[in-house]
Amino acid sequence: MSQPPVTLSVMGLDAPAAEVTLAPDEARRMILRAQGFLGANSWNRSRAGVGAMLRQVGAVQLDTISVLARSHELVAYARLGPVPRQQIEQAYWHAAKPAAFEYWAHAASVLPIEQWPYFAFRRRALRARGVRWHQIHQETCDKVLARLRAEGPLTATQLGGAKAGGPWWDWSEVKIAVEWLLDTGDVICVRRTGWRRVYDLPERVLPEELLGAEPSDPECLAYLAGVTARALGVVTHADLVDYHRLNYLTSEKSQHTRLVADAALAAGLIPVAIAGAAPGSRASRGLRDSRGLRDSRGLRDSRGWADPAALAEASAGYRGRNRVTLLSPFDSLIWDRRRTRQMFGFEHSLEAYVPKHKRVHGYFTMPLLAGGRLAGRVDPAREGRTLVARKVSLERATAAEPMAQALREAATWVGCDDVRLEQIEPAAHAARLAAALAGT
């Protein structure tokens with residue numbers, strides 16, 4: 001690491017000079033360690049370990065797609081290994097002792113319960129905006145609240161039905177009302193049943209110290225900047241905005257993204273620069289929009305901030321063992337496509353919503369993480385007790401063995417006792433992958 005006299009300008013705000021310059025590999029290792037994929041951690045394969053993982057990564061995205069398992073289960077599995085799926089569910093949605101809640105962060109997400117006060121900035125912005133997607137009727141909102149007070153926690157179905165009778169997106173008036181109340185914090189979701197949200201009143205489930213807290217917008221953003229930095233180790237301005245989507249569902253007048261630089265410093269983050277790569281390389285193409293500056297050699301640096309603890313570990317030269325695993329396409333390690341290109345030289349995209357004939361890699365393509373790199377991808381499916389690898393793509397021949405290991409482990413975790421390979425790219429690696437799979 002070196003200490004060049006550089007300056008940073010973000011959204012028109014001048015930030016202090018970078019105190020440290022990180023090599024790209026150093027930054028990549030910091031991200032992997034922070035996300036729980038590198039080195040030892042204290043998490044265990046229990047509900048407590050899943051809770052610790054959730055607090056570290058800060059947010060776990062939810063999605064309705066279920067191939068091997070739902071994405072929120074895959075996120076825990078990728079970091080902890082074959083933890084029983086029921087323990088994962090209990091960690092996220094414990095009926096007796098809520099430790100998490102659902103809200104809009106990067107997307108619809110499970111969040112540690114202690115983050116509740118710090119989304120007050122978004123709740124205030126939504127109230128000021130007065131609408132999200134649908135017209136809201138106050139009378140229906142009042143009726144929903146009255147029923148929750150009188151009857152206790154209820155699903156949308158129990159409240160009167162989630163659908164209006166048309167297409168799947170055609171919500172009923174009750175569903176519109178209760179989701180708006182969730183947006184504004186008048187109701188909360190701390191558990192699900194049968195994949196249905198169970199709505200409750202915050203005063204029934206939140207500890208008093210969280211319920212009564214009302215931090216200012218700058219305090220909220222500083223807190224979330226710290227969460228993001230701990231979750232990623234090292235962050236750019238774009239990371240701080242994107243991780244919790246600070247510019248999503250808020251009023252244009254609130255301009256939260258313009259406060260990010262101040263929030264990073266208020267959170268105690270350390271200004272850093274990530275050393276660039278030669279123009280035209282895969283890494284430099286990934287950096288092209290990262291508000292970097294070119295030095296005298298024509299190289300591009302990416303500017304940002306580091307979590308002090310992550311920086312101290314990097315300075316001490318800690319390495320550790322890399323996890324070999326398949327990642328959900330909704331995993332927070334690869335949320336940002338630009339950062340994924342920058343740090344891993346890997347093009348990642350979700351093709352589930354792309355017409356089948358236009359898909360390149362498959363419906364639910366899961367990247368392979370091995371040796372601290374994204375080394376391939378697989379589009380999986382299940383047929384009875386067989387995991388079907390419909391399409392496997394390997395970045396290099398040596399990725400065959402870790403891909404075989406990851407496929408076998410994932411199959412066992414979801415109750416499959418066989419793995420079947422179909423299409424392999426490049427075809428020249430097919431024999432090596434088949435042999436590796438036979439030997440696992």
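Three short exercises on local geometry follow, each with a worked solution.

This is a predicted model, where local features need pLDDT of at least 70, side-chain atom pairs count only at pLDDT 80 or more, and totals for chains, interfaces and linings use all residues. Residues are numbered from 1 along each chain as its sequence is written, and side-chain values use heavy atoms, leaving out hydrogens and water.

**Exercise 1.** Work out how helix H2 packs against helix H3.

Step 1. Locate them: H2 covers residues 47-57 and H3 residues 71-80. Helices here are DSSP runs (H or I, at least four residues), and strands are E runs of at least two, numbered from the N terminus.

Step 2. Take the geometry. The angle is about 100 degrees and the axes are 10 Å apart. H2 is therefore roughly perpendicular to H3 (65 to 115 degrees).

Step 3. List the contact (heavy atoms within 4.5 Å). H2 supplies Gly49, Val50, Met53 and Val57, and H3 supplies Val75, Ala76, Arg79 and Leu80.

**Exercise 2.** Find the place of proline 426 and describe the peptide bond that leads to proline 426.

Step 1. Proline 426 sits in the loop between strand E18 (418-425) and helix H18 (430-439).

Step 2. The bond from glutamate 425 is cis, with omega near -10 degrees.

**Exercise 3.** Is tryptophan 195 buried or partly exposed?

Step 1. Tryptophan 195 is in the loop between strands E8 (188-193) and E9 (196-200). Its phi is near 70 degrees, a positive value in a residue other than glycine.

Step 2. Relative accessibility is 22%, so tryptophan 195 counts as partly exposed (buried is under 20%, exposed over 50%, partly exposed in between; 1.4 Å probe, protein chains only).

Notes:
Axes are lines fitted to C-alpha atoms, for helices over the stretch in contact, and angles run from 0 to 180 degrees between N-to-C directions. Angles under 35 degrees count as roughly parallel, over 145 as roughly antiparallel, 65 to 115 as roughly perpendicular and the rest as oblique.
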